[in-house]
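Subject: Handover of a structure, with findings

Dear colleague,

I am passing on to you the structure shown below, together with an account of what was found in it. Please read the two side by side.

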Amino acid sequence: MAPQATGLTAASRVGRPARIGNPRRAESSHANRDRDRDRGHERSRRAAPASWLARQLAMWSRTTQPLRVLDAPRASVGDRDASWPLERELTSVRRARNLVTGQLGEWAVEGVADTAELLVSEVVTNALRYTRGPLRLNLRLHDSRLRCEVEDTETAGPVRHCVDIDSEGGRGTELLDALAEAWGYLPTAIGKTLWFELDT
């Protein structure tokens with residue numbers, strides 16, 4: 001009499017012993033375990049780029065974000081560091097001059113007040129003429145150096161112009177060359193910072 005098929009499997013073709021049990025259940029449990037393992041690997045593969053992206057964004061956010069929003073209110077990082085927003089109007093040139101002379105008076109640095117006032121006037125006028133968006137004026141006194149910065153949202157740097165003797169404008173870079181100890185511009189996340197330094 002032939003053995004019942006229920007619960008038995010035929011001997012394997014390669015001579016392995018027969019298994020007792022439900023072959024479908026065994027196959028399905030192995031398949032489920034393999035499928036779960038594959039899903040876990042797939043989830044980890046999908047999660048890895050997201051966590052990598054989050055780490056990259058967190059790392060680069062410190063460098064891509066500006067230190068201060070340009071139109072934020074007046075800020076004072078330290079007793080030798082001050083910052084003000086400037087409106088896009090012609091009266092901002094006079095306001096910038098008054099802010100610089102007033103702050104240098106508070107810091108008891110008056111020997112370079114006239115030069116700083118003249119150069120700030122030129123730099124702010126240039127920013128109002130050739131850029132768009134908000135502006136910010138920063139002053140920093142470190143050791144014996146006064147650093148003045150004007151931040152804007154334009155990426156292009158200042159351009160030297162060939163001016164005639166009778167021209168009334170276009171001499172900002174010449175004045176910076178003649179009166180500042182050093183000057184230049186730095187790209188920022190939202191534009192650039194034009195700066196100059198004076199020896200106090």
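Which residue of β6 does L186 stand opposite? The residue is T193. Please note, before going further, that this is a predicted model.

Overall layout

The protein contains four helices and six strands. Along the sequence these are arranged in the pattern α-β-β-α-α-β-β-α-β-β. The protein has 200 residues, of which 27% count as buried. When contacts between residues at least 6 apart in sequence are considered, 57% of them join residues at least 24 apart.

The β5–β6 hairpin and R147

The pair L186 and T193 belongs to a hairpin formed by β5 and β6, with four residues between the two strands. Strand β5 covers residues 182–187 and runs antiparallel to β6, to which six bridges join it.

L186 also appears among the contacts of R147, a residue of strand β4. That strand spans residues 145–152. Leaving aside neighbours within four places in sequence, R147 is in contact with N138, L139, R140, L186, W195, F196 and E197. With E197 there is, in addition, a polar contact of 3.0 Å between the two side chains. Is R147 buried or exposed? R147 counts as buried, because its relative accessibility is 16% and the cut-off for a buried residue is under 20%.

The cavity

A search of the whole structure finds one cavity of 30 Å³ or more. The volume of the largest cavity is about 30 Å³. Its lining is made up of V123, N126, A127, V150, D152, K192 and L194. By type, these lining residues divide into four nonpolar, one polar and two charged. At least two residues of the lining come from each of α3 (113–130), β4 and β6 (192–199). Which of these elements gives the most to the lining? Helix α3 does, with three residues.

Strand β2 and its partner

Strand β2 comprises residues 81–86, and six of the six are buried, so the strand is largely enclosed by the rest of the structure. Both of its faces are covered. On one side the buried residues are D81, S83 and P85, and on the other they are A82, W84 and L86. Strand β2 is joined to β3 by six bridges, and the two run antiparallel. Within this pairing, L86 has L135 of β3 as its bridge partner.

S92 and L128

Two further residues, S92 and L128, are connected with this region. S92 lies in helix α2 and is buried, since its relative accessibility is 2%. Beyond its neighbours within four places in sequence, S92 is in contact with L86, E87, V124 and L128. A polar atom of the S92 side chain lies 2.5 Å from the backbone oxygen of E87.

L128, for its part, lies in helix α3. At 17% relative accessibility, L128 likewise counts as buried. Not counting residues up to four places away in sequence, L128 touches E87, R88, E89, S92, V93 and L135. How far apart in space are L128 and L86, which are 42 residues apart in sequence? From C-alpha to C-alpha, the separation of L128 and L86 is 9.8 Å.

Two residues with positive phi

Finally, I draw your attention to two backbone angles. Most residues other than glycine have a negative phi. A108, although not a glycine, has a positive phi near 60 degrees. A108 is placed in the loop between α2 (91–106) and α3. With a relative accessible area of 63%, A108 is exposed, because the cut-off for an exposed residue is over 50%.

The second case is D143, which is not a glycine either and has a positive phi of about 55 degrees. D143 is found in the loop between β3 (135–142) and β4. D143 counts as exposed, its relative accessibility being 70%.

Yours sincerely

Key. Residues numbered from 1 in each chain as written. Predicted model: local features only at pLDDT ≥ 70, side-chain atom pairs only at ≥ 80, totals over all residues. Heavy atoms only, no water. Buried < 20%, exposed > 50% of the residue type's maximum accessible area, 1.4 Å probe, protein only. Polar contact = N/O pair within 3.5 Å; in protein donor to acceptor, adjacent residues only side chain to side chain. Contact = heavy atoms within 4.5 Å. 1 Å grid on protein atoms, 1.4 Å probe; cavity = no way out; pocket = protein on both sides within 12 Å on 5 of 7 lines; lining within 4 Å. Points joined across faces, edges and corners; volume = space filled by probe spheres on them. Nonpolar A, V, L, I, M, F, W, Y, C, P; charged D, E, K, R; others polar. Pairing = 2+ DSSP bridges.
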